[in-house]
Amino acid sequence: MNFFYCSISSIDTLSFFCHNREKGEKRGFKMESSFKILLVDDQQIVLDGLKKQLNWSRFNGLICGCISDGAEAINFLQTCRPDVIISDIKMPHMDGLELSRRAKEENPALQIVIFSGYSDFSFAQEAIRYGVTEYILKPVNPDDFHKVIQKAEKEIDRRKKKESQEIKEKNFL
């Protein structure tokens, strides 16, 4: 199975990856990391902003994909197997809430961060029902966003350590 990954600390590599993903080319490189992030937004300018404006090198992870709608993201989940999805709420074909619902059905441990320009409380309520980890309003404050990613990273590390310990205990018995 081919995996497409790009280094969080290398925006040039990330741009190359996203460009080639759209062409359907099956090239890339694999890196081991603490966690994988899938970015989902229908506006390329927002994806570019997330990639360039935020200090991704602060995290022990990588961006495994940049997707333009929820339906494509669902199809990509099996390839990327992200630990975190960062998604817009309003997109064509499938919105971020439906993406969250379906992604959580496949992987209940998945951390999902919704960012939205809509402050409508009903969106936030629905996001909570689907197990969304965080709901952030646009424009996204970089410092607040970094705190959200750090929180997700800590939860993922905690979960992975617990799973590893359970496997060791099972193998010991």
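1. A good place to start is His93, which is exposed, with a relative accessible area of 72%. The model here is a predicted one, and His93 also catches the eye for its backbone: phi is positive, about 75 degrees, although the residue is not a glycine. You will find His93 in the loop between β4 and α4 (96–106).

2. Arg81 deserves a look alongside it. Phi of Arg81 is near 50 degrees, again a positive value in a residue other than glycine. Arg81 belongs to the loop between α3 and β4, and that loop also holds Asp83, a salt-bridge residue taken up in point 5.

3. On to the charged pairs: a search of the whole structure finds 10 salt bridges. As a reminder, side chains of opposite charge can pair when their charged atoms come close. The next three points take some of these pairs in turn.

4. Within helix α2 (residues 44–53), the side chains of Lys51 and Asp48 form a salt bridge, with N to O at 3.3 Å. The two residues are three apart in helix α2, so about one helical turn separates them. How do the partners stand in terms of accessibility, buried or partly exposed? Lys51 has 2% relative accessibility and therefore counts as buried, whereas Asp48 is partly exposed at 25%.

5. Asp83 and Lys160 make another salt bridge through their side chains, 3.7 Å from N to O. This pair links distant parts of the chain, 77 residues apart: Asp83 sits in the loop between α3 (70–80) and β4 (84–88), and Lys160 in helix α6 (residues 142–172). Asp83 counts as buried because its relative accessibility is 9%, while Lys160, at 32%, counts as partly exposed. The pair is also part of something wider, as salt bridges with shared partners join Asp83, Arg159, Lys160 and Glu163 into one network.

6. Lys138 pairs with Asp88 in a salt bridge whose closest N and O atoms are 3.3 Å apart. Here too the link is between distant parts of the chain: Lys138 lies in the loop between β6 (134–137) and α6, Asp88 in strand β4, and 50 residues separate them. Lys138 is partly exposed, with a relative accessible area of 28%. Asp88, in contrast, has 4% relative accessibility, so this residue counts as buried.

7. Please stay with Lys138 for a moment and check the backbone. Lys138 and Pro139 are joined by a cis peptide bond, with omega about -5 degrees. Pro139 is found in the loop between β6 and α6, where Lys138 also lies.

8. Where does this cis pair turn up again? Both Lys138 and Pro139 are among the residues that line the largest pocket. That pocket holds about 180 Å³ of space. Besides those two, its lining includes Phe115, Val140 and Pro142, together with Val46, Gly49, Leu50, Gln53 and Leu54.

9. Which element gives the largest share of this lining? Helix α2 does, with four residues; the salt bridge of Lys51 and Asp48 from point 4 belongs to that helix as well. Sorted by class, the lining of the largest pocket has seven nonpolar, two polar and one charged residues. Lys138, then, appears in three settings worth viewing together: the salt bridge with Asp88, the cis peptide bond with Pro139 and the lining of the largest pocket.

Methods
Residues numbered from 1 in each chain as written. Predicted model: local features only at pLDDT ≥ 70, side-chain atom pairs only at ≥ 80, totals over all residues. Heavy atoms only, no water. 1 Å grid on protein atoms, 1.4 Å probe; cavity = no way out; pocket = protein on both sides within 12 Å on 5 of 7 lines; lining within 4 Å. Points joined across faces, edges and corners; volume = space filled by probe spheres on them. Nonpolar A, V, L, I, M, F, W, Y, C, P; charged D, E, K, R; others polar. Salt bridge = Lys/Arg side-chain N within 4 Å of Asp/Glu carboxyl O. Buried < 20%, exposed > 50% of the residue type's maximum accessible area, 1.4 Å probe, protein only.
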